[in-house]
Amino acid sequence: MGDGKIPGILVKLLSAEFPGAQALRNQLAQTRVTRPWGSDSPSLDLDVPPGVPEAAVEDGVIPATGTVTDDSGELFGELLVWVSDGRLSALEFSWYGDTAPTELPDPGLVTVTVR
């Protein structure tokens, strides 16, 4: 996943409507994946270059969360998008259970909710 390409799941998470969402969507075209959180981790650090307009979003996790189910419909984990200084900074895949995922889920297995 070190190809710098934006995962489709990030686009899906940002398709939800919440304050600042449009400004974050506007950053996607110039956002790069910089590195995974670990050798087998699907969680990713993101980088938005200077000069790209900031979003009026508080630092931390955006209000849109992706709930992940497995093929049998069981709850598997959740996806969180982190923002720092008004810029996309990370995509975190936190999971439930003992088996850590090694890749991001298929967007079709993710339900996005805004809290």
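Colleague: In which sense do strand β3 and strand β5 pair, and over how many bridges?

Modeller: This is a predicted model. In it, strand β3 (residues 60–61) and strand β5 (residues 75–84) are paired antiparallel, with two bridges. One residue to look at is Val 61, whose bridge partner in β5 is Trp 82.

Colleague: How many bridges join β4 to β5?

Modeller: β4 and β5 run antiparallel and are joined by four bridges. Within β5, Glu 78 is the bridge partner of Thr 67. The two strands form a hairpin with five residues between them, where Gly 73 has a positive phi near 90 degrees.

Colleague: Which residue in β6 stands opposite Glu 78?

Modeller: Ser 94 stands opposite Glu 78. Strand β6 covers residues 87–95 and pairs with β5 in the antiparallel sense over eight bridges. Here the hairpin has two residues between the strands, and Asp 85 in the turn takes a positive phi of about 55 degrees.

Colleague: How do side chains sit along a strand, and what are the contacts of Thr 65?

Modeller: In general, side chains along a regular strand alternate between the two faces of the sheet. For a case, take Thr 65, which lies in strand β4 (residues 64–69). Leaving aside neighbours within four places in sequence, Thr 65 is in contact with Leu 13, Glu 78, Leu 79, Leu 80, Thr 111, Val 112, Thr 113 and Arg 115. With Arg 115 there is also a side-chain polar contact of 2.9 Å.

Colleague: Why is Thr 65 called buried?

Modeller: The cut-off for buried is under 20% relative accessible area. Thr 65 is buried because its relative accessible area is 9%.

Colleague: And where does Gly 8 fall, and why?

Modeller: Gly 8 has a relative accessible area of 45%, so it counts as partly exposed. Gly 8 belongs to helix α1 (residues 8–13). Its C-alpha atom is 9.8 Å from that of Pro 105, although 97 residues separate the two along the chain.

Colleague: Which residues have the most contacts inside the largest nonpolar core?

Modeller: They are Leu 24, Ile 62 and Leu 79, in a core of 28 residues. The elements giving two or more residues to this core are α1, α2 (21–27), β2 (44–47), β4, β5 and β6.

Colleague: What is Ile 62 in contact with?

Modeller: Not counting neighbours within four places in sequence, Ile 62 is in contact with Leu 14, Phe 18, Leu 24, Val 57, Val 81, Val 83 and Arg 115. Arg 115 is also on the contact list of Thr 65.

Methods:
Residues are numbered from 1 along each chain as its sequence is written. This is a predicted model: local features need pLDDT of at least 70, side-chain atom pairs count only at pLDDT 80 or more; totals for chains, interfaces and linings use all residues. Side-chain values use heavy atoms; hydrogens and water are left out. Buried means under 20% relative accessible area, exposed over 50%, partly exposed in between (1.4 Å probe, protein chains only). A polar contact is a pair of N or O atoms within 3.5 Å; within protein, one must be able to donate a hydrogen and the other to accept it, and residues adjacent in sequence count only if both atoms are side-chain atoms. Contact means heavy atoms within 4.5 Å. Two strands pair if DSSP finds at least two bridges between them. A nonpolar core is a set of buried Ala, Val, Leu, Ile, Met, Phe, Trp, Tyr and Cys residues joined through side-chain atoms within 4.5 Å.
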